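Here's a quick tour of one model, with a look at what sits inside, what sits outside and a couple of odd backbone angles.

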Amino acid sequence: MLILLRASPLFATVDSGASYNFLFKVGLNKDWFIISRSNLASRDDFSDSFFRYTGAGLGYQLTESWSLRGGYRRAWIQLQDNWLPENRFYLEGYYTTNLDTYRLTNRSRIERRTFDYREDDVRLRNETVIEGPVGLLGERIKPYFEEEFFYSVKSDRFEANWLGGGVAWRPAEGVKLKLGYRWNHFRVGDEWRNRHVLVTGLNLFF
């Protein structure tokens with residue numbers, strides 16, 4: 001949330017787009033699991049699909065609330081007519097708990113990012129999600145609120161902040177669907193920009 005306090009005109013240079021997410025998690029035994037996430041993002045009023053990634057990681061359930069994950073992602077961003085690759089090696093701690101009728105999760109991640117077209121970097125990310133108690137269809141559809149900040153170690157500055165919310169629907173055991181809105185406040189060089197993002201998600205748990 002620190003980046004919100006430092007933001008200069010919040011809605012100067014506003015764009016819109018979407019972020020489509022797919023995640024699956026497969027338990028290997030009671031402690032170990034495989035987790036994978038893929039994403040496709042658009043901008044310029046949904047007209048330009050400019051970013052995508054896929055990857056996989058291995059996780060270990062330390063306690064009922066804490067798990068440790070590490071993995072790799074391959075990302076691509078389109079600059080002009082070329083798709084430029086990025087390698088992301090990450091390590092993260094993940095915490096989840098229930099606070100009365102609310103569900104709280106927090107993920108702290110460190111990413112080693114390598115490029116062919118710019119200097120490498122290390123990035124710190126922290127995401128907090130609160131899922132509310134109000135169910136639109138019993139316990140199946142609940143509202144959520146989320147915030148995530150991005151900090152570049154090399155540049156020694158915040159690079160982006162995501163703030164949003166929506167609804168999470170669990171139509172069946174092992175299936176979670178998300179539909180929401182995200183305000184993406186991000187840097188391009190030294191300039192702050194903003195994007196309104198439609199967020200969808202399909203999560204499968206085995």
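Let's start with Ala41: setting aside neighbours within four places in sequence, Ala41 is in contact (heavy atoms within 4.5 Å) with Ala18, Ser19, Asp48, Ser49, Phe50 and Phe51. Keep in mind that this is a predicted model, where local features need pLDDT of at least 70, side-chain atom pairs count only at pLDDT 80 or more, and totals for chains, interfaces and linings use all residues. Residues are numbered from 1 along each chain as its sequence is written, and side-chain values use heavy atoms, with hydrogens and water left out.

Which residues make up the largest nonpolar core? Ala41 is one of five, along with Phe50, Phe51, Tyr53 and Ala75. E3 supplies the largest share of this core, three residues. A core here is a set of buried (under 20% relative accessible area) Ala, Val, Leu, Ile, Met, Phe, Trp, Tyr and Cys residues joined through side-chain atoms within 4.5 Å.

Now for the backbone oddities: Phe46 and Gln80 both have positive phi without being glycines.

| Residue | Phi | Loop between | Relative accessibility |
|---|---|---|---|
| Phe46 | about 70 degrees | strand E2 (32-43) and strand E3 (48-61) | 44%, partly exposed |
| Gln80 | about 60 degrees | strand E4 (66-79) and strand E5 (82-99) | 76%, exposed |

Exposed means over 50% relative accessible area, and partly exposed lies between 20% and 50% (1.4 Å probe, protein chains only). Strands are DSSP runs of at least two residues, numbered from the N terminus.

Phe46 also belongs to a nonpolar patch on the surface, whose members include Tyr20, Leu40 and Trp169.

Notes. Helices (H or I, at least four residues) and strands (E, at least two) are DSSP runs, numbered from the N terminus. Patches are made of residues with over 30% relative accessible area and no salt bridge: like charges are joined within 9 Å, nonpolar side chains (Val, Leu, Ile, Met, Phe, Trp, Tyr) within 5 Å. Accessible areas come from the Shrake-Rupley method with a 1.4 Å probe; for residues, only the protein chains shown count as cover. A salt bridge is a side-chain nitrogen of Lys or Arg within 4 Å of a carboxyl oxygen of Asp or Glu.
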